[in-house]
Amino acid sequence: MKIKEQKRADLDKIMESDPAAVSRNAVKRTYTGYKALCAYRRAHRCWERGLKRLALHISYRAKTRTGVDIHPAAVIGTRVFIDHGVGLVIGETTEIGNDVVLYQGVTLGGTGKDTGKRHPTLEDGVMVSAGAKVLGPVRIGAHSKIGAGSVVLKDVPPHSTVVGVPGRIVKQEGRRVNDSEMDQVKLPDPIMEEFARLNRRVYELEKQAGIHCCRYSLTTDGDNCAQE
């Protein structure tokens, strides 16, 4: 596929996915993620042709202008949307499929111990939320979601959601992730769910023992709280 066709496909993805994209011209002029991706596609073509110094120079200039660091050797598919993008890092041996969404602060990097293929592989339809880190030669299955701030160090099966540090796979009752869903808020938090469960259990035990809980307790029941 020609670079012009790849850029058009990326632009189509942005217009479909981002409600803030008011026009194609506005995206071309103001979206740093799109600008960085366009520069990457030129740099990658140079890299493939053996012009590695030129490719690295293009990549460096794009990084200084956009704050997005994409190694020209990385392999990135079409219809990719980098939202905002500042602080995003994509390593040399990273492979990214089609219809992938990446938010600001994402790192697709290595662990420092691997050789050869040392960066992640993201299959089609993956969404990686703001600040998430995917490290090492792991594979993120198609249509999976990585929650904001998560750190992923192991393979993730398709149609999964990962949250937490280290990243934990949270099953979504076998329901396939809708490709149009880009909501980073509607992701489960198993750690907070466990805290809530323990809090309810402690509340019941304190109530049975006649112990008043603190008035700042997370419990929603006020009949066992200490009076001011």
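Of the 228 residues in this protein, 43% count as buried. The model you are looking at is a predicted one, and its chain is arranged into five helices and 15 strands. If you take the contacts between residues at least 6 apart in sequence, 34% of them join residues at least 24 apart.

A good place to start your tour is helix H3, which runs over residues 32–48. This helix has 17 residues and reaches 24 Å from its first C-alpha to its last, close to the 24 Å expected at 1.5 Å a residue. Is H3 mostly covered or mostly open? Twelve of its 17 residues are buried, so H3 is mostly covered, with buried meaning under 20% relative accessible area. Reading along the helix, the buried residues are Gly-33, Tyr-34, Ala-36, Leu-37, Cys-38, Ala-39, Tyr-40, Arg-41, Ala-43, His-44, Cys-46 and Trp-47. Notice that Arg-41 and His-44 are on that list.

Two cysteines of H3 deserve a moment. Cys-38 counts as buried because its relative accessibility is 7%, and Cys-46 is buried too, at 14%. As for disulfides, the structure holds zero.

What lies over the buried residues of H3? The cover includes helices H1 (3–17), H2 (24–30) and H4 (52–66), together with strands S1 (69–70), S2 (75–76) and S3 (81–82). Between H3 and H4 you can look for Gly-50, which comes just after H3 and takes a positive phi of about 90°.

H4 is worth following as a partner of H3. The axes of the two helices, H3 and H4, come within 8 Å and cross at roughly 170°. An angle over 145 degrees counts as roughly antiparallel, so that is how H3 lies relative to H4. On the H3 side, the residues that meet H4 are Thr-32, Lys-35, Ala-36, Ala-39, Ala-43, Cys-46 and Trp-47. Their counterparts in H4 are Lys-52, Leu-54, Ala-55, Leu-56, Ile-58, Ser-59, Ala-62 and Thr-66. Sorted by class, this contact of H3 with H4 has ten nonpolar, three polar and two charged residues. Among the H3 residues that take part, Ala-36, Ala-39, Ala-43, Cys-46 and Trp-47 are also buried.

Next, let's look at some backbone details. Most residues other than glycine have a negative phi, and most peptide bonds are trans. Arg-79, in the loop between S2 and S3, has a positive phi of about 55° although it is not a glycine. Its relative accessibility is 22%, so Arg-79 counts as partly exposed. His-84 is not a glycine either, and has a positive phi of about 65°. You will find His-84 in the loop between S3 and strand S4 (89–90).

Further along the chain, which peptide bond is cis? The bond from Val-165 to Pro-166 is, with omega near -5°. Pro-166 sits in the loop between strand S14 (161–163) and strand S15 (168–170).

That loop also brings us to Val-151, which belongs to strand S13 (residues 151–152). Leaving aside neighbours within four places in sequence, Val-151 is in contact with Lys-133, Gly-164, Val-165, Pro-166 and Gly-167. Both residues of the cis bond, Val-165 and Pro-166, are therefore among the contacts of Val-151, with heavy atoms within 4.5 Å. Val-151 and Ala-132 are 19 residues apart in sequence, and their C-alpha atoms are 5.9 Å apart in space.

How values were computed: Residues are numbered from 1 along each chain as its sequence is written. This is a predicted model: local features need pLDDT of at least 70, side-chain atom pairs count only at pLDDT 80 or more; totals for chains, interfaces and linings use all residues. Side-chain values use heavy atoms; hydrogens and water are left out. Helices (H or I, at least four residues) and strands (E, at least two) are DSSP runs, numbered from the N terminus. The expected span of a helix is 1.5 Å times one less than its number of residues. Buried means under 20% relative accessible area, exposed over 50%, partly exposed in between (1.4 Å probe, protein chains only). A disulfide is a pair of cysteine sulfur atoms within 2.5 Å. Axes are lines fitted to C-alpha atoms, for helices over the stretch in contact, and angles run from 0 to 180 degrees between N-to-C directions. Angles under 35 degrees count as roughly parallel, over 145 as roughly antiparallel, 65 to 115 as roughly perpendicular and the rest as oblique. Ala, Val, Leu, Ile, Met, Phe, Trp, Tyr, Cys and Pro count as nonpolar, Asp, Glu, Lys and Arg as charged, and the others, Gly among them, as polar.
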